[in-house]
Amino acid sequence: MSMTNADMTRPPGPIVIDIENITKDYVMGEEIVRALRGVSLQIHRNEYIAVMGPSGSGKSTLMNMLGCLDTPTSGRYEFNGRNVAEMNDDELAAIRNREIGFVFQTFNLLPRSDSLRNVELPLIYAGIDPETRAERATQTLIDVGLGDRLHHKPNELSGGQRQRVAIARALVNNPSIILADEPTGNLDSKTGEELMALFENLYQRGNTIILVTHEADIARHARRTVRLRDGLIESDDFAAIRALESVAVR
Ligand SMILES: Nc1ncnc2c1ncn2[C@@H]1O[C@H](COP(=O)(O)OP(=O)(O)OP(=O)(O)O)[C@@H](O)[C@H]1O
Ligand SMILES: [Mg+2]
């Protein structure tokens with residue numbers, strides 16, 4: 001008997017990310033690109049969300065906001081009940097370094113550093129001692145199937161392997177929230193499914209996962225799908241279910 005995702009959905013915890021009416025404008029000389037035009041989203045701990053939508057719809061822009069890597073033009077962002085706009089640099093750094101693991105669409109690996117060094121980086125920021133650092137980075141690289149590529153530099157790796165180094169770097173700190181922008185974009189379908197198994201495991205252990213994908217096959221691993229279009233949320237199945245439930249309760 002096979003279990004569906006719905007059978008293995010864990011009840012979500014308290015709200016961890018609460019954004020209200022977020023906008024983001026990019027000013028390009030005379031032109032203003034309105035990348036986000038008023039997005040509201042509540043994310044609970046231990047949710048597993050797929051963010052979908054056409055190219056240019058604002059997915060990466062939204063992920064950067066959620067990861068506290070960029071600030072919105074307007075709107076409110078509360079992380080763990082605290083207004084992100086009022087946090088100082090140390091508090092923001094603590095969230096970015098400890099709470100959130102980020103997999104970028106473009107990987108953002110250091111080109112002159114080997115896999116091990118790239119994965120150690122967040123641990124350096126977190127002030128972990130060199131020995132523990134090397135141990136944990138090595139183990140995480142083994143977990144993503146790169147135990148035999150510790151000393152390869154990014155240009156000595158395949159696209160999919162680079163992707164996995166980026167994923168190992170996001171996971172090495174044991175972040176409670178994983179933000180992954182097209183994590184399977186460069187992977188063959190077998191490696192992509194292996195990665196999805198890894199994410200499922202993290203989800204079952206209580207982590208929150210938010211991933212951007214174009215692929216329906218990848219999105220079906222998530223328990224909630226948020227679709228963006230032209231900088232706005234076009235649909236959000238979980239929010240829709242909640243609304244129905246609240247009607248039913250009344
Ligand atoms: N740094 C920037 N400066 C100016 N415009 C930007 C910048 N980053 C993104 N944009 C614009 O904002 C819009 C949203 O971009 P974003 O990268 O969020 O899209 P996306 O949904 O992630 O697309 P894709 O699926 O292609 O990755 C696009 O029109 C893009 O050209
Ligand atoms: Mg993008």
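**Exercise 1. The surroundings of helix α3**

Against which helices do the buried residues of α3 pack? Determine also which residues these are and what follows the helix.

*Solution.* The model is a predicted one, and the solution proceeds from the helix outwards.

Step 1. Helix α3 comprises residues 115-125. Its buried residues are S115, L116, N118, V119, E120, P122 and L123.

Step 2. The packing partners of these buried residues are α2 (89-99), α4 (130-143) and α5 (159-171).

Step 3. Immediately beyond α3, the backbone of G127 adopts a positive phi of about 75°.

**Exercise 2. Two positions around α4**

Classify D143 and G145 as buried, partly exposed or exposed, and relate each to a residue elsewhere in the chain.

*Solution.*

Step 1. D143 belongs to helix α4, whereas G145 is found in the loop between α4 and α5.

Step 2. A residue is buried at 20 or more C-beta neighbours within 10 Å and exposed at 12 or fewer. D143 has 16 such neighbours inside 10 Å and therefore counts as partly exposed. G145 also has 16 C-beta neighbours inside 10 Å, so G145 counts as partly exposed.

Step 3. From D143 to R164 the sequence separation is 21 residues, and their C-alpha atoms are 9.8 Å apart. For G145 and T191 the sequence separation is 46 residues, with 9.5 Å between the C-alpha atoms.

**Exercise 3. The antiparallel sheet**

Establish the strand order of the sheet that contains β1 and β2, and describe the pairings of β1.

*Solution.*

Step 1. The sheet is open and has 4 strands in the order β2-β1-β4-β5, with antiparallel pairing. Its edge strands, β2 and β5 (82-83), each pair on one side only.

Step 2. β1 is joined to β2 by 11 bridges, and the two strands run antiparallel. One of the bridge pairs places I17 with I43 of β2.

Step 3. The connection of β1 and β2 is a hairpin with 2 residues between the strands. In this turn, G29 shows a positive phi of about 65°.

Step 4. β1 also pairs with β4 (residues 74-79), in the antiparallel sense and over 5 bridges. Here D18 has E78 of β4 as its bridge partner.

**Exercise 4. The mixed sheet**

Give the strand order of the sheet with mixed pairing, and explain why β6 and β10 each have one side without a neighbour.

*Solution.*

Step 1. This open sheet contains 6 strands, ordered β6-β7-β8-β3-β9-β10, and its pairing is mixed.

Step 2. β6 (100-103) and β10 (232-236) are the edges and have a single partner strand each, so one side of each lacks a neighbour in the sheet.

Step 3. With direction ignored, neighbouring strands of the sheet are turned by 20° against each other on average.

Step 4. A parallel pairing is that of β7 (residues 177-181) with β8 (residues 208-212), over 5 bridges. In this pairing, L179 lies opposite I210 of β8.

Step 5. An antiparallel pairing is that of β9 (residues 224-229) with β10, joined by 4 bridges. R229 has L232 in β10 as its bridge partner. β9 and β10 form a hairpin with 2 residues between them, and D230 in the turn has a positive phi of about 50°.

**Exercise 5. The shell around ligand 1**

Characterise the residues around ligand 1 by distance, by secondary-structure element and by chemical class.

*Solution.*

Step 1. The shell holds 13 residues, of which Y26, S55, K59, S60 and T61 come nearest to ligand 1.

Step 2. At least two residues are supplied by each of β1 (15-28), β2 (31-44) and α1 (59-66). The greatest contribution comes from α1, with 3 residues.

Step 3. By class, the shell consists of 8 polar, 4 nonpolar and 1 charged residues.

**Exercise 6. The chain as a whole**

Compare the radius of gyration of the protein chain with the globule rule, and state the extent of burial and of long-range contact.

*Solution.*

Step 1. The chain contains 8 helices and 10 strands.

Step 2. Its radius of gyration is 18 Å, close to the 18 Å of the globule rule for 250 residues; the chain is therefore as compact as a globular protein of that length.

Step 3. The C-alpha trace spans about 55 × 55 × 30 Å along its principal axes.

Step 4. Of the 250 residues, 39% count as buried. Among contacts with a separation of 6 or more, 71% involve residues 24 or more positions apart.

Methods: Residues are numbered from 1 along each chain as its sequence is written. Chains are lettered from A and ligands numbered from 1 in the order in which they are written. This is a predicted model: local features need pLDDT of at least 70, side-chain atom pairs count only at pLDDT 80 or more; totals for chains, interfaces and linings use all residues. A residue is near a molecule or strand if its C-beta atom, placed from the backbone, lies within 6 Å of it. Ala, Val, Leu, Ile, Met, Phe, Trp, Tyr, Cys and Pro count as nonpolar, Asp, Glu, Lys and Arg as charged, and the others, Gly among them, as polar. Two strands pair if DSSP finds at least two bridges between them. Axes are lines fitted to C-alpha atoms, for helices over the stretch in contact, and angles run from 0 to 180 degrees between N-to-C directions. Two residues are in contact if their C-beta atoms, placed from the backbone, lie within 7 Å. The radius of gyration is taken over C-alpha atoms; the globule rule is 2.2 Å times the number of residues to the power 0.38.
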